[in-house]
Amino acid sequence: MSRILLCLALVAIVFTARAQDPQKVAISTTGCTVDVYCLPGRFDVYDLEDGSTVYADDCEKENVTYGIYCIKLKKPISDLAAAEDSMITILDFLKLDYGIVKGKGYDKGHKLNKDDNTRGIFDTWEDTEDNKWKIRAWTNGQFICVLHMHSTKELPDKKTEVFLNGLRFPGMTEKKKKD
(Lines give C-alpha, C1' and ligand atoms only; values in the text may rest on other atoms or scores of the structure.)
Protein backbone atom coordinates (compact mmCIF):
# COMPACT_ATOMS: atom_id res chain seq x y z
CA MET A 1 0.00 0.00 0.00
CA SER A 2 2.81 2.42 0.85
CA ARG A 3 4.42 1.77 -2.55
CA ILE A 4 1.19 2.70 -4.32
CA LEU A 5 0.92 5.92 -2.31
CA LEU A 6 4.57 6.69 -3.06
CA CYS A 7 3.99 6.12 -6.79
CA LEU A 8 0.88 8.31 -6.75
CA ALA A 9 2.79 11.04 -4.94
CA LEU A 10 5.61 10.92 -7.48
CA VAL A 11 3.14 11.09 -10.39
CA ALA A 12 1.42 14.08 -8.78
CA ILE A 13 4.78 15.84 -8.32
CA VAL A 14 5.74 15.22 -11.95
CA PHE A 15 2.41 16.57 -13.23
CA THR A 16 2.58 19.59 -10.92
CA ALA A 17 6.13 20.38 -12.03
CA ARG A 18 5.13 19.98 -15.68
CA ALA A 19 2.21 22.38 -15.20
CA GLN A 20 4.76 25.02 -14.13
CA ASP A 21 6.67 24.77 -17.43
CA PRO A 22 6.16 27.66 -19.84
CA GLN A 23 4.35 27.16 -23.13
CA LYS A 24 5.39 28.83 -26.36
CA VAL A 25 2.45 30.72 -27.91
CA ALA A 26 2.13 32.71 -31.10
CA ILE A 27 1.37 36.42 -30.85
CA SER A 28 -1.61 36.28 -33.19
CA THR A 29 -0.45 36.12 -36.83
CA THR A 30 2.76 38.16 -36.39
CA GLY A 31 5.20 35.25 -36.50
CA CYS A 32 6.43 36.31 -33.03
CA THR A 33 6.24 33.84 -30.15
CA VAL A 34 6.58 34.14 -26.39
CA ASP A 35 6.99 31.67 -23.52
CA VAL A 36 4.04 32.05 -21.13
CA TYR A 37 2.84 30.54 -17.86
CA CYS A 38 -0.82 31.27 -18.54
CA LEU A 39 -2.54 31.25 -21.88
CA PRO A 40 -3.71 34.58 -23.20
CA GLY A 41 -6.99 34.55 -25.05
CA ARG A 42 -7.53 36.04 -28.47
CA PHE A 43 -5.29 39.06 -28.92
CA ASP A 44 -6.89 42.48 -29.26
CA VAL A 45 -5.78 43.86 -32.63
CA TYR A 46 -5.99 47.50 -33.67
CA ASP A 47 -4.20 49.96 -35.93
CA LEU A 48 -2.30 53.05 -34.86
CA GLU A 49 -2.47 56.38 -36.71
CA ASP A 50 0.72 55.58 -38.65
CA GLY A 51 -0.71 52.28 -39.92
CA SER A 52 1.25 50.06 -37.52
CA THR A 53 -0.73 47.20 -35.96
CA VAL A 54 -0.93 46.49 -32.22
CA TYR A 55 -1.51 43.01 -30.77
CA ALA A 56 -2.23 43.06 -27.04
CA ASP A 57 -3.42 40.65 -24.38
CA ASP A 58 -2.73 39.52 -20.85
CA CYS A 59 -3.54 36.66 -18.52
CA GLU A 60 -3.28 35.94 -14.82
CA LYS A 61 -1.96 32.99 -12.86
CA GLU A 62 -1.28 32.73 -9.13
CA ASN A 63 -2.04 36.46 -8.66
CA VAL A 64 0.56 37.49 -11.26
CA THR A 65 -0.53 39.25 -14.45
CA TYR A 66 1.50 38.55 -17.59
CA GLY A 67 1.05 41.10 -20.39
CA ILE A 68 2.02 41.23 -24.05
CA TYR A 69 1.87 44.44 -26.13
CA CYS A 70 3.38 43.92 -29.57
CA ILE A 71 3.46 46.40 -32.46
CA LYS A 72 4.15 45.37 -36.05
CA LEU A 73 5.65 48.54 -37.47
CA LYS A 74 4.21 49.81 -40.75
CA LYS A 75 7.57 51.45 -41.47
CA PRO A 76 10.47 49.35 -40.13
CA ILE A 77 13.25 51.20 -38.29
CA SER A 78 16.67 49.99 -39.48
CA ASP A 79 18.63 52.12 -36.97
CA LEU A 80 18.28 50.23 -33.68
CA ALA A 81 19.23 53.34 -31.65
CA ALA A 82 16.25 55.14 -33.23
CA ALA A 83 14.12 52.05 -32.55
CA GLU A 84 15.12 52.30 -28.87
CA ASP A 85 13.86 55.91 -28.86
CA SER A 86 10.55 54.66 -30.28
CA MET A 87 10.38 52.03 -27.54
CA ILE A 88 10.81 54.75 -24.91
CA THR A 89 7.93 56.71 -26.44
CA ILE A 90 5.74 53.59 -26.26
CA LEU A 91 6.81 52.83 -22.68
CA ASP A 92 6.03 56.41 -21.65
CA PHE A 93 2.55 56.01 -23.18
CA LEU A 94 2.01 52.69 -21.38
CA LYS A 95 3.08 54.24 -18.07
CA LEU A 96 0.21 56.71 -18.38
CA ASP A 97 -2.23 54.04 -19.56
CA TYR A 98 -1.38 51.65 -16.70
CA GLY A 99 -1.37 54.30 -13.95
CA ILE A 100 2.33 54.02 -13.19
CA VAL A 101 3.48 56.41 -10.46
CA LYS A 102 7.09 55.31 -9.98
CA GLY A 103 9.81 53.88 -12.20
CA LYS A 104 13.42 52.93 -11.67
CA GLY A 105 14.54 54.33 -15.03
CA TYR A 106 15.15 52.87 -18.46
CA ASP A 107 18.08 50.46 -18.75
CA LYS A 108 18.91 50.41 -22.48
CA GLY A 109 21.13 48.49 -24.87
CA HIS A 110 20.20 44.88 -24.12
CA LYS A 111 20.16 42.14 -26.77
CA LEU A 112 17.43 39.51 -26.93
CA ASN A 113 18.91 36.01 -26.91
CA LYS A 114 22.36 37.58 -27.65
CA ASP A 115 21.10 38.62 -31.10
CA ASP A 116 22.95 41.69 -32.42
CA ASN A 117 19.90 42.58 -34.55
CA THR A 118 17.78 43.31 -31.48
CA ARG A 119 17.68 45.88 -28.70
CA GLY A 120 15.95 45.86 -25.36
CA ILE A 121 15.00 48.19 -22.55
CA PHE A 122 14.36 47.05 -18.96
CA ASP A 123 12.52 48.87 -16.20
CA THR A 124 10.62 48.32 -12.96
CA TRP A 125 7.48 50.26 -12.09
CA GLU A 126 4.92 50.73 -9.35
CA ASP A 127 1.30 51.66 -10.01
CA THR A 128 -1.46 53.40 -8.07
CA GLU A 129 -2.68 50.03 -6.69
CA ASP A 130 0.75 49.12 -5.23
CA ASN A 131 1.48 46.55 -7.94
CA LYS A 132 5.16 45.94 -8.63
CA TRP A 133 5.91 45.72 -12.37
CA LYS A 134 8.82 44.33 -14.34
CA ILE A 135 9.01 45.43 -17.97
CA ARG A 136 11.09 44.43 -20.96
CA ALA A 137 10.65 46.09 -24.33
CA TRP A 138 12.27 44.46 -27.34
CA THR A 139 12.72 45.45 -30.98
CA ASN A 140 14.26 44.07 -34.14
CA GLY A 141 13.28 47.17 -36.13
CA GLN A 142 10.20 45.48 -37.59
CA PHE A 143 8.40 44.88 -34.29
CA ILE A 144 8.37 46.56 -30.91
CA CYS A 145 7.10 44.22 -28.21
CA VAL A 146 6.63 45.00 -24.54
CA LEU A 147 6.37 42.12 -22.09
CA HIS A 148 5.34 42.94 -18.55
CA MET A 149 4.48 41.22 -15.29
CA HIS A 150 2.87 42.75 -12.25
CA SER A 151 1.52 41.75 -8.87
CA THR A 152 1.10 43.09 -5.36
CA LYS A 153 3.23 40.17 -4.17
CA GLU A 154 6.87 39.40 -4.95
CA LEU A 155 7.33 38.34 -8.58
CA PRO A 156 8.87 34.87 -8.99
CA ASP A 157 12.45 35.33 -10.28
CA LYS A 158 12.69 32.28 -12.54
CA LYS A 159 9.29 32.83 -14.17
CA THR A 160 10.04 36.52 -14.56
CA GLU A 161 13.28 35.82 -16.44
CA VAL A 162 11.75 33.12 -18.64
CA PHE A 163 8.71 35.20 -19.60
CA LEU A 164 10.41 38.58 -20.08
CA ASN A 165 13.21 37.00 -22.15
CA GLY A 166 10.95 34.46 -23.89
CA LEU A 167 10.05 36.58 -26.90
CA ARG A 168 11.23 35.42 -30.31
CA PHE A 169 10.87 37.48 -33.46
CA PRO A 170 10.18 35.76 -36.78
CA GLY A 171 13.30 33.95 -38.00
CA MET A 172 15.13 34.07 -34.65
CA THR A 173 16.83 30.88 -33.58
CA GLU A 174 17.58 29.68 -30.08
CA LYS A 175 21.17 30.26 -28.94
CA LYS A 176 22.67 27.31 -27.13
CA LYS A 177 23.87 28.04 -23.61
CA LYS A 178 27.56 27.32 -23.13
CA ASP A 179 28.31 25.02 -20.19
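Which residues do ring pairs link into a cluster? In this predicted model, ring pairs join Y37, Y66 and F163 into a cluster.

**Aromatic pairs**

With ring centres required to lie within 6.5 Å, the count comes to six aromatic pairs. One of them is formed by Y37 and Y66, with ring centres 6.1 Å apart and planes at 40 degrees; because this angle is neither under 30 nor over 60 degrees, the pair is classed as tilted. Distant parts of the chain are linked by this pair, whose members are 29 residues apart: Y37 belongs to the loop between β2 (33–36) and β3 (44–47), and Y66 to strand β5 (residues 64–72). Y37 is buried, at a relative accessible area of 7%, and Y66 is buried as well, at 3%.

F143 and F169 form an aromatic pair with a centre-to-centre distance of 6.2 Å. Their planes are 20 degrees apart, and the pair is therefore stacked, the limit being under 30 degrees. This pair also links distant parts of the chain: F143 is in strand β10 (residues 143–151) and F169 in the segment after α3 (157–164), 26 residues apart. F143 is buried, with a relative accessible area of 3%, and F169 is buried with a value of 3%.

**Charges over rings**

Cationic side chains placed over ring faces are listed below.

| Charged residue | Ring | Distance from ring centre |
|---|---|---|
| R136 | F122 | 3.9 Å |
| K159 | Y37 | 5.3 Å |

Y37 thus appears in two settings: its ring takes part in the cluster with Y66 and F163, and K159 lies over its face.

Terms used
Residues numbered from 1 in each chain as written. Predicted model: local features only at pLDDT ≥ 70, side-chain atom pairs only at ≥ 80, totals over all residues. Heavy atoms only, no water. Helix = DSSP H or I, 4+ residues; strand = E, 2+ residues; numbered from the N terminus. Buried < 20%, exposed > 50% of the residue type's maximum accessible area, 1.4 Å probe, protein only. Lys NZ or Arg CZ within 6 Å of the ring centre and 35° of its normal.
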